[in-house]
Amino acid sequence: MNRYSSCGRLAIAALIAVGGSSALANQLPDTLLPAVAHSQLVGTPVQSKIKEFTVALKPRYPAELQAFVNDVSNPRSDNYRHWLTPAQIGQQFGANPTAVTMIINYFRSKGLTLTLQPANRMALMFRGTVTQIQNAFQTKFKDYRGPDPMGNTISFEANSTPLNLPANIINVVQAVSGLEDWTRPVRMAQTQTLTPALVRGLYNTKPAFDLGFRGQGMTIGVSNWDGFSLSNVPLFVNAFSLPIPPGGAGSNVSVVTIQGGSQNNGANGEGDLDIQMELSQAPLANIIVYDGGGDELSVLTKEASDNAADLISESWGWRFSSSVADAAHTQHLIMSAQGQTYMCATGDSGTNITTFVYPDCDPEVLGVGGTVATVDGNTGTRISEVAWAGGGGGWTTSGYSFDKRPSWQTGNGVPTTPNARYMPDIALHAAGNGGAYFFFSGGSEGTADGTSFASPVNASCLAIVEQRLIASGQVGRLGRVQDAIYAQNGRSDVWHDITQGSNGTLPDGTTSNAGPGWDFCCGWGAPDYDALYNALIQQVTMTPYFPTSISTALGTYLIGDTSSVTDSDGIYYQIGSQAMTIGQGAGVFVSFTVPDTTIAMSFDLQTNAGVPGGTNMVWLYNWFTDNYDLVGACPMNSAGSVDQVIKVRTNSVPNYIGPGGQVDAVVRGHLPIKPFNNQMPDPFTYKLDQLEVLVR
């Protein structure tokens, strides 16, 4: 099967080249389709026709945005899963507010309507007539007839000259998308077939399902460019006896229409199967269909701006100009910073992933490849699972600036050359004798093959993992989960290593074979989602270590010993303060012994100082500088019976761990009040209830 026919519906996006010369300072690069030069002019569009488009804005600090996403996605980072809101992203990384206002005012002056202004300040969406858009961009739209990338002759509409913008705003614009309709989907082809219950057995979501985790409270998105009918949802739910939400079967599915959407177009099955596969393991989750009418960037912009979907699946492939690809990558960075997990089907043409390269080449996107699983027909228990010959894998030759092997893509079997984003990351059942999965389209049950199934099934399963993490008290969203997956290095209790099968020849001429560890056929292999949940709990849970010794550092010892600070029980270690140059102070030396494999450390204390106006301070001994470093401080609480919990986190973990895992700290309370008439303020009693170091 070639990728175009089996990956579900793939979109053919504009292969845009730099148009014209650079003589005009206000000419926007990469905005003239090369297909125009090879096509026949057949007419002009109706001037009153309404078009919608997206203007992508350059991030103000792109390197810092990437660095933040890398840090917040890294299980070894103390900032792990501390997500940002869209507004926080805009404040920290988005375009300058003045520039955003100038762009909005410019397009409004041309009669265009602003339809979306995301808080992240990295894109704007507009609507207007052909006449208004031509005037805004100083171009003319024409109707053409010519070749698509597959050599088929198609009719399309596009600007006949490069787009132009005023010099005072053009440097802020990253790309413009949605003005041409050369982008075309290609119909998928129909070809042991799984039900939702068999999937639960194969990939071990049954324990969670039996415990009542069915997606409640989770939101899963579908990036769509195909016709579909929501009337197929109740047919699927009822056919496989799935749990039904309070509003009835299908009431948890909503549609967000972008650029007119595709829902009412001819249905080729992709839209229906994506929705139903996301419901298969998380039938009570909220499903949002982001229904696009033409281009990818507009859909990504809306998904990032909404920040509503916890996970999003896409089963399409695109090829963009460098500017549009950079803009799409920016939207994925925004989603990663917000904790949204985005995944894609890697295609159904084996290692031939070099034509429609996006989003396969984007490190922010989880790539889901394909396997062929044989299961027990009653329980779903795996009999065998091998690599599917059609499952997409390898690397692209896109040339995009971000298409590089990310720092987290390492482990047993992961090559180091060439320097490109490798695919896939994981793989699920995608093909079988008679079709991979059952689904409904056009009111009838059918089957089909494709990684287009594997990606939304994975989204459904990961939603259950997230739901369980939330119930366990963890930060809910998984975000860019690739970092956590690769950190597991294929651990055998989580990943079923696929070691049989091949999916073609790689760009360097070598054969792509499945084997031990990571490979270009199936990545790390097929997940056991129950084990994945347990592994992620292990990755984010920090183990407490209590003091091995404690002694007075400043002040007069009153009462208590080491055991007084090993539990939160109201039995305090108490120190009477002593006079200092300014004010009163009290504190303790505390030692801990932690594992020398510690990768993240948090110092937590509970104090009931009873002194308003004072300050709690935590100092850690730096074994490399032979000094104590102030790593955190916060106000003391007022007198009362409730402990104040202070959490101090540090990223410089190796600096504070000495021989044998020794961590030395000073915890101090200080009341900095000037002496009055050479009299010091009254002494206070500094009370510590619990001291602990939490490590990962």
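Modeller: Contact here means heavy atoms within 4.5 Å. The model under discussion is predicted.

Biologist: With that in hand, which strands does helix 5 lie across?

Modeller: Helix 5 (residues 130-137) lies across strand 3 (50-57), strand 5 and strand 8. Its direction runs at about 125° to that of strand 5. Helix 11 (residues 296-306) also packs on the sheet, where it touches strand 3, strand 4, strand 5 and strand 8. The direction of helix 11 makes about 65° with that of strand 3.

Biologist: How should the sheet itself be read, and in what order do its strands stand?

Modeller: In general, the strands of a sheet pair through backbone hydrogen bonds, in either a parallel or an antiparallel manner. In this model, 4 strands form an open sheet with the order 4-5-3-8, and their pairing is antiparallel.

Biologist: Which strands stand at the edges?

Modeller: Strand 4 (113-116) and strand 8 (173-177) do; each has a single partner strand, so one side of each is left without a neighbour in the sheet. From one strand to the next, the twist averages 30°.

Biologist: How many bridges join strand 4 to strand 5?

Modeller: There are 3 bridges between strand 4 and strand 5 (residues 123-129), and the two run antiparallel. Within this pair, Leu 114 stands opposite Phe 126 of strand 5.

Biologist: Let us turn to a single residue of helix 11. Is Ser 298 buried or exposed?

Modeller: The test is the relative accessible area, with under 20% taken as buried. Ser 298, which is found in helix 11, has a value of 0% and is therefore buried.

Biologist: With which side chains does the side chain of Ser 298 make a polar contact?

Modeller: One partner is the side chain of Gln 259, at 3.2 Å; another is the side chain of Asp 295, at 2.8 Å. Leaving aside residues up to four places away in sequence, Ser 298 touches Thr 54, Met 125, Ser 177, Ile 258 and Gln 259.

Biologist: Finally, how is a helix pair described, and at what angle do the axes of helix 9 and helix 10 cross?

Modeller: One considers the approach of the axes, the angle, the handedness and the residues that meet. The axes of helix 9 (residues 232-239) and helix 10 (residues 270-281) come within 10 Å and cross at roughly 35°. The crossing is right-handed. From helix 9, Asn 232, Val 233 and Phe 236 meet Asp 272, Ile 275, Gln 276, Met 277, Leu 279 and Ser 280 of helix 10. By class, this contact has 5 nonpolar, 3 polar and 1 charged residues.

Conventions:
Residues numbered from 1 in each chain as written. Predicted model: local features only at pLDDT ≥ 70, side-chain atom pairs only at ≥ 80, totals over all residues. Heavy atoms only, no water. Axes fitted to C-alpha atoms, helices over the stretch in contact; angles between N-to-C directions. Left-handed = near helix turned anticlockwise from the far one by under 90°. Nonpolar A, V, L, I, M, F, W, Y, C, P; charged D, E, K, R; others polar. Pairing = 2+ DSSP bridges. Buried < 20%, exposed > 50% of the residue type's maximum accessible area, 1.4 Å probe, protein only. Polar contact = N/O pair within 3.5 Å; in protein donor to acceptor, adjacent residues only side chain to side chain.
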